[in-house]
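Biologist: I'd like to learn how to read a protein model from scratch. Could you take me through it step by step?

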Amino acid sequence: MTFAIRIHEYGGPEKMIWEELPRPEPKPGEARIRQEAVGLNYIDVYFRTGLYKAPSLPAIIGMEGAGVVDAVGEGVTEVAVGDRVAYASGPIGAYAQSRCLKADRLVKIPEGISSETAAAMMLQGMTAQYLLHSTYPVRAGQTILVHAAAGGVGLILCQWAKHLGLSLIHISEPTRPY
């Protein structure tokens, strides 16, 4: 058995209920993660309130987490039992002690990075990557304007931009030096 936070109806934080559930078993191509940390993002609130609809209720919300692989399904070669991993993708279900995900969506956590840091930076890091490389592929020497540089995306974006040799104009001061 394992525990998860589930919602049975949409609403405020009081709708989140800590419940005991059967521990999931990985299907072919999946890995089961013993979660050590989960990220809290605006998208989780949107699912809890019903702005974004869960596939069905009751539902376990959450998109981002990190932990240790404790079982793998048939055919999994990307990760092995004992690997420390993180993720930031659907389906929802991160607010649980244990969950299964497609193994090819997992990222191995490098030494020196805690599960808490890995869980908290995946979605923001992917957003920064999208902005710096997909929206407009930046190059060293260019100048970029960053609105709201104080949040998670802004912090990672500013640090990454400096690393890439960009000049920054930012509207708000970041919470940590970059």
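Modeller: Sure, let's start with a word we'll need a lot: contact means heavy atoms within 4.5 Å. Among contacts in this protein chain between residues at least 6 apart in sequence, 65% join residues at least 24 apart. Before we go on, this is a predicted model: local features need pLDDT of at least 70, side-chain atom pairs count only at pLDDT 80 or more, and totals for chains, interfaces and linings use all residues. Residues are numbered from 1 along each chain as its sequence is written, and side-chain values use heavy atoms, with hydrogens and water left out.

Biologist: How many helices and strands are there in the protein chain?

Modeller: First, what counts: helices (H or I, at least four residues) and strands (E, at least two) are DSSP runs, numbered from the N terminus. Here the protein chain has three helices and 10 strands. Reading from the N terminus on, the elements go β-β-β-α-β-β-β-β-β-α-β-α-β. As for extent, the C-alpha trace spans about 55 × 40 × 25 Å along its principal axes.

Biologist: What share of the residues in the protein chain is buried?

Modeller: Buried means under 20% relative accessible area, exposed means over 50%, and partly exposed is in between (1.4 Å probe, protein chains only). In this chain of 178 residues, buried ones make up 42%.

Biologist: Is S115 buried or exposed?

Modeller: S115, which is found in helix α2, has 5% relative accessibility, so it counts as buried. Leaving aside neighbours within four places in sequence, S115 touches E36, A37, A66, R84 and I109. For a contrast, try P91, in the loop between β6 (84-88) and β7 (98-102). P91 counts as exposed because its relative accessibility is 53%. With neighbours within four places again left out, P91 is in contact with G62, R99, L101 and R105.

Biologist: Where is L51 found, and is it buried or exposed?

Modeller: L51 sits in the loop between α1 (42-49) and β4 (59-60). Its relative accessible area is 59%, so L51 is exposed. You can also set sequence against space: L51 and G11 are 40 residues apart in sequence and 9.7 Å apart in space, C-alpha to C-alpha.

Biologist: Now, rings. What makes two of them a pair?

Modeller: Rings of Phe, Tyr and Trp (its six-membered ring) pair if their centres lie within 6.5 Å; planes under 30 degrees apart count as stacked, over 60 as edge-to-face and the rest as tilted. By this rule the count is three aromatic pairs. Take F3 and W18: their ring centres are 5.3 Å apart and their planes are at 5°, so this pair is stacked. F3 lies in strand β1 (residues 2-7) and W18 in strand β2 (residues 16-21), so the pair ties together parts that are 15 residues apart in sequence. F3 is partly exposed at 28% relative accessibility, while W18 is exposed at 51%.

Biologist: How are the rings of Y46 and Y52 arranged?

Modeller: The centres of the Y46 and Y52 rings are 5.2 Å apart and the planes are at 65°, so that pair is edge-to-face. Y46 is partly exposed, at 30% relative accessible area, and Y52 is partly exposed too, at 37%. Ring pairs join Y46, F47 and Y52 into a cluster.

Biologist: Which residue lies over the face of Y10?

Modeller: A charge sits over a ring if NZ of Lys or CZ of Arg is within 6 Å of the ring centre and within 35 degrees of the ring normal. Here K53 lies over the face of Y10, at 4.6 Å from the ring centre.

Biologist: Last one: how do I describe two packed helices?

Modeller: You give the angle between their axes and the distance between the axes. Axes are lines fitted to C-alpha atoms, for helices over the stretch in contact, and angles run from 0 to 180 degrees between N-to-C directions. Helix α2 (residues 115-135) and helix α3 (residues 152-163) pack at about 50°, with axes 8 Å apart. Angles under 35 degrees count as roughly parallel, over 145 as roughly antiparallel, 65 to 115 as roughly perpendicular and the rest as oblique, and α2 and α3 are therefore oblique to each other. Residues at this meeting include M121, Q124 and L132 in α2, and I156, W160 and A161 in α3.

Biologist: Is A161 buried or exposed?

Modeller: A161, in helix α3, is buried, with a relative accessible area of 0%. Apart from neighbours within four places in sequence, A161 is in contact with L132, I144, L166 and L168.
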